[in-house]
Amino acid sequence: MSPAGSYNDDMSDAVHPFGSDAPHPESSPPESSGSQDASGAADHPHVLRLGCVSFLNAKPLIEGASYSGYASVHYDVPSRLLDDLLQGRFDVALCPVMDLFLSPEPLRIVPAGCIGCDGPTYTVRLYSRVPIEQVQTIYADTDSHTSVALLQLLFRMRFGRTPKLIDYHARERVAEGKIVDNPEAMLLIGDKVVTDSPPAVTYPHQLDLGEAWKQQTGLPFVFAVWMTREGTDLGDLPERMSVLRQRNLHPERLGAIVERHAPVHGWPTDLAYRYLGEILQFDFDQAKFDAVRSFADRLVEHHMLTHP
């Protein structure tokens with residue numbers, strides 16, 4: 001992928017990351033070249049470091065990886081994973097898709113899994129006191145570059161304008177150094193949508209960004225995908241991560257993951273099982289690759305990315 005500039009409201013110095021001959025991911029993982037037993041242990045020369053979010057939605061991608069003998073898992077918020085990857089703290093990271101477009105160094109997708117949806121996503125949601133079309137200012141959760149960019153793009157596509165965005169540290173309810181409770185509109189991301197969701201009586205107008213994208217384009221959406229630096233030797237890690245993901249999404253295994261992690265994250269277990277098993281999608285297949293390309297194309301069309 002091509003290097004890019006920094007992110008700003010009009011994206012005037014960023015670049016389109018896809019060339020016409022960009023490689024497509026494989027829709028299913030190839031056969032592993034190394035031996036693998038039920039535990040995932042193998043003949044790896046060293047343990048590879050995976051950077052990941054700590055949200056519930058990542059658990060099907062990473063549960064069991066740290067016990068496999070071939071990988072260690074480390075956590076950070078989505079907006080910091082790119083720096084961790086570029087500085088060499090991680091070999092692979094589950095980065096927001098916008099980081100693929102904006103990285104100052106070339107990155108490549110590791111098609112071993114993603115966090116995506118094909119309709120509602122449930123945990124990327126705009127809350128508003130006024131009808132969505134009347135929103136002028138949004139206090140935006142700073143945890144994910146992709147969700148903020150998708151919000152801006154949807155407003156440009158639907159209303160022909162971009163609302164003013166103010167960085168909002170949702171956990172502390174702080175913006176511009178001040179406590180801000182119940183702003184006119186706010187974007188919340190991740191577990192906070194479940195554990196700290198504002199009451200509907202206060203915010204009667206809500207927009208699920210995954211659902212809005214689907215209605216607008218007819219496409220799935222990818223919020224985050226595994227990435228690595230160009231030239232990084234991952235061995236057979238992508239194949240092993242794909243096997244791990246497939247195993248974790250088996251209903252019995254997924255039920256165990258939910259029972260273990262949902263209470264820790266403040267989720268009701270029945271909602272968590274539906275969220276991981278039905279609402280989200282974790283396979284990075286051809287449809288997801290095409291969705292990422294379409295997202296980039298539409299960002300270009302609306303002057304949020306520019307061609308190199």
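In the predicted model, strand β4 (residues 107–117) and strand β12 (residues 221–229) pair in the antiparallel sense, with seven bridges between them. Within this pairing, Arg108 is placed opposite Thr228 of β12. A further antiparallel pairing connects β4 to strand β13 (residues 280–281), here over two bridges. In that pairing Cys117 stands opposite Leu280 of β13. Strand β4 is mostly covered, nine of its eleven residues being buried. Cys117 is buried, at a relative accessible area of 0%.

A second set of strands forms an open sheet. Five strands contribute to this sheet, in the order β7-β6-β10-β5-β11, and the pairing is mixed. Strands β7 and β11 are the edge strands, each of them pairing on one side only. On average, neighbouring strands of the sheet are turned by 20 degrees against each other, direction ignored. Strand β6 (residues 137–141) and β7 run parallel and are joined by five bridges. In the β6–β7 pairing, Ala140 has Asp167 of β7 as its bridge partner. Helix α6 (residues 209–217) packs on the sheet and touches β5 (124–128), β10 (185–189) and β11. The direction of α6 makes about 70 degrees with that of β11. In general, strands of a sheet pair through backbone hydrogen bonds, in either a parallel or an antiparallel arrangement.

For the chain as a whole, the secondary structure amounts to ten helices and 13 strands. The chain has 308 residues, of which 54% are buried. Among contacts with a separation of 6 or more, 78% are between residues 24 or more positions apart. The accessible surface of the chain is about 13000 Å², and carbon and sulfur atoms account for 48% of this area.

Charged pairs were examined next. Side chains of opposite charge can pair when their charged atoms come close. The structure holds 13 salt bridges. In one of these, Arg173 meets Asp196, with the closest N and O atoms 2.9 Å apart. This pair links distant parts of the chain, the two residues being 23 residues apart. Arg173 lies in the loop between β7 (164–168) and β8 (174–175), whereas Asp196 lies in the loop between α5 (192–195) and β11 (205–208). The side chain of Arg173 also meets that of Asp181 in a salt bridge, at 3.9 Å from N to O. Both carboxylate partners are partly exposed: Asp181 has a relative accessible area of 49%, and Asp196 has a relative accessibility of 30%. Arg173 is likewise partly exposed, at 25%.

Another salt bridge is formed by Asp285 and Lys288, whose closest N and O atoms are 3.8 Å apart. Asp285 counts as partly exposed at 24% relative accessibility, whereas Lys288 is buried at 3%. Salt bridges with shared partners join Arg173, Asp181 and Asp196 into one network.

Cysteine sulfur positions were also compared. A disulfide is a covalent bond between the sulfur atoms of two cysteines. A search of the whole structure finds zero disulfides. Cys52 is in no disulfide, the nearest cysteine sulfur being that of Cys95 at 10.0 Å. Cys52 is buried, with 0% relative accessibility. For Cys117, the closest cysteine sulfur belongs to Cys114 and is 9.5 Å away, which is too far for a bond. The cut-off applied to a pair of cysteine sulfur atoms is 2.5 Å, so the 9.5 Å separation of Cys117 and Cys114 does not qualify.

Conventions
Residues are numbered from 1 along each chain as its sequence is written. This is a predicted model: local features need pLDDT of at least 70, side-chain atom pairs count only at pLDDT 80 or more; totals for chains, interfaces and linings use all residues. Side-chain values use heavy atoms; hydrogens and water are left out. Helices (H or I, at least four residues) and strands (E, at least two) are DSSP runs, numbered from the N terminus. Buried means under 20% relative accessible area, exposed over 50%, partly exposed in between (1.4 Å probe, protein chains only). Contact means heavy atoms within 4.5 Å. Accessible areas come from the Shrake-Rupley method with a 1.4 Å probe; for residues, only the protein chains shown count as cover. A salt bridge is a side-chain nitrogen of Lys or Arg within 4 Å of a carboxyl oxygen of Asp or Glu. Two strands pair if DSSP finds at least two bridges between them. Axes are lines fitted to C-alpha atoms, for helices over the stretch in contact, and angles run from 0 to 180 degrees between N-to-C directions.
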